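Visitor: Could you take me through one part of this model at close range? I would like to hear about a sheet and the aromatic side chains.

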Amino acid sequence: MADPGGEQRAALLAAASLFPVPDGAKFSYGTAGFRAEGSTMAPAVCRAGIVAALRSVKLGGAAVGLVITASHNPVGDNGVKIVDADGGMMSQAWEPFSDALANAPTPDALLQLVLQFAKDEGIALGEGHSAQVLLARDTRPTGEYLLDVATKGINAIVGSVALDMGILTTPQLHWMVRNKNRGLKSSEEDYFTQITQSFRHLLELTPDDTVSDKLMEKLIVDGANGIGGLKLEEIKPKLARLDIVVRNSGKEGEGILNERCGADFVQKEKVHPLGFTPNDVGVRCASFDGDADRLVYFRITSPSSTVIDLVDGDKILSLFVLFIREQLDIVNGKDSQDNQALPTRFGVVQTAYANGASTEFLKNLGLEVAFTSTGVKYLHKKALEFDIGIYFEANGHGTVLFADEFVSRLEYLASELSSKAAGSPQHQAALRLLATTQLINQAVGDALSGMLLVEAVLQHKRWSLQNWCDIYTDLPSKQLKVKVKDRASIVTTDAEQKVCQPSGLQELIDKEVANYSQGRCFVRPSGTEDVVRVYAEASTVEAADSLAKSVAQLVERILG
């Protein structure tokens, strides 16, 4: 590799000198990127800017994204995430370098790290190569400052261009990066046009016997006092047959970001968010998280209680599966496997945390259900192996992926049917599938586009929230944490469902599980702290609690 020259070296040294890493600070890049108290984030954000620019150079100048957000964390926190050129999360192979760079103690140490990494990766620095990084932030008070810090990091790689896309949801930026690199329209206006038009197309394709029902059309959305609520207010006027009321919308003075509101709060606490009242009993409600990449639904059951019926990511996944499967069955008719109009490998990806009742429901439909380790990056990668791959975590983060080759076949089939059998059930089903590929955000989980797909499917099926809740009943579950000396002493296999180290622990867990009706239990090391997480399911709340406690005691005895 050619020597990058004085200009490049000076630029890196200058950027590193602006934001020194304080003594004792330790940054770690995980699924959530770098995240900490907002006022301490400048060193990590500047260095993430350098990483993003290097990534773009490595990929031949393809657009890479960088978003300033701490998602569902409290308003005082902030963070930074890098979006890869395909619109997904940054390549895991680059995470160790990102960690090392963020923690480099001196400007010279940072310079040497960059030079060595560039050499190892074959990145030609200082040779006039261009790089482009699309930037966005959420509504946090430290966001504007940190966006400027990120820009300084990006500019430290000579020839890089930082493009500020404005205040966006995290999924919007992922969508923009994916579309830009595919040569497609990629502005925020294009995003809004695509999701509102495809939503309208799906509604136009609902069966003729679908009669308007005012209660069905009413939806109250908890925007977590974040960016998602503001964006929903923007597109509300363009959404037909949907009466949306936005609470915790993110408007000045309405409430504090993520404080007793948002999808993370609702899903974990199983109570309604602030701003909801007894008058909302029985109405369909949805909740976004702070940067709008998670979605859950709920219903308040009683005017005298905060308790809710929760519809989590597992049930959202199941609704999408039923709808897509129905369209595929219509397109393919009763044809044998060898003679189908649209042969499709359709699969679902879950983690061990998915409720056992949902897994059984999906398997009973004859679907292929694959399991991965916990984390969106693992789920997304596995879902790419299917023609249509759906993944969701219980927390409401997930999406539907359609393989490019499958979409090409679908477009060809829809075109054939429009000339030979326009308006036929097969043609309409093919058009519904096409509209779904446009509506769902295939880069990442997206509360806005996911909510619109849920609403379109409910209207198509003429389903109330009750119908949706009734597709299966969740098994009671319990989660516990056990403090251990070293979490690395526990090693799992089979997508974290079984323990292989320490030897003998899995046999003891199996023996305990056998005592419970519909019992299931697994343990896994935390990714962030020295604890072992225990998850248990059984036929009753008491049994799930008891199973979790028994297994936690086993772990404590062997590892504590």
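Guide: Happily; we begin with the sheet and then turn to the rings. Please keep in mind that this is a predicted model.

The sheet is open and has 5 strands, arranged in the order β7-β6-β8-β9-β10 with mixed pairing. Its edges are formed by β7 (243-247) and β10 (308-311); each has a single partner strand, so one side of each lacks a neighbour in the sheet. From one strand to the next, the twist averages 25°. If you look at β9 (residues 295-300), you will find it paired with β10 in the antiparallel sense over 4 bridges. Tyr-297 stands opposite Val-311 in β10. Helix α9 (residues 227-235) packs on this sheet and touches β6 (218-222), β7 and β8 (285-288). The direction of α9 makes about 150° with that of β7.

Now for the rings. The whole structure contains 15 aromatic pairs. One of them joins Phe-320 and Phe-392 edge-to-face, with 5.9 Å centre to centre and 65° between the planes. Phe-320 belongs to helix α11 (residues 313-332) and Phe-392 to strand β13 (residues 388-392), so this pair ties together parts 72 residues apart in sequence. Phe-320 counts as buried at 1% relative accessibility, and Phe-392 is buried too, with a relative accessible area of 5%. Elsewhere, Phe-27, Tyr-29 and Phe-34 form one aromatic cluster.

Charged side chains also meet rings here. Arg-247 lies over the face of Phe-276, at 5.2 Å from the ring centre. Over the ring of Tyr-472 sits the charged end of Lys-315, 4.6 Å from the centre of that ring.

Key. Residues numbered from 1 in each chain as written. Predicted model: local features only at pLDDT ≥ 70, side-chain atom pairs only at ≥ 80, totals over all residues. Heavy atoms only, no water. Pairing = 2+ DSSP bridges. Helix = DSSP H or I, 4+ residues; strand = E, 2+ residues; numbered from the N terminus. Axes fitted to C-alpha atoms, helices over the stretch in contact; angles between N-to-C directions. Contact = heavy atoms within 4.5 Å. Phe/Tyr/Trp six-rings, centres within 6.5 Å; stacked < 30°, edge-to-face > 60°. Buried < 20%, exposed > 50% of the residue type's maximum accessible area, 1.4 Å probe, protein only. Lys NZ or Arg CZ within 6 Å of the ring centre and 35° of its normal.
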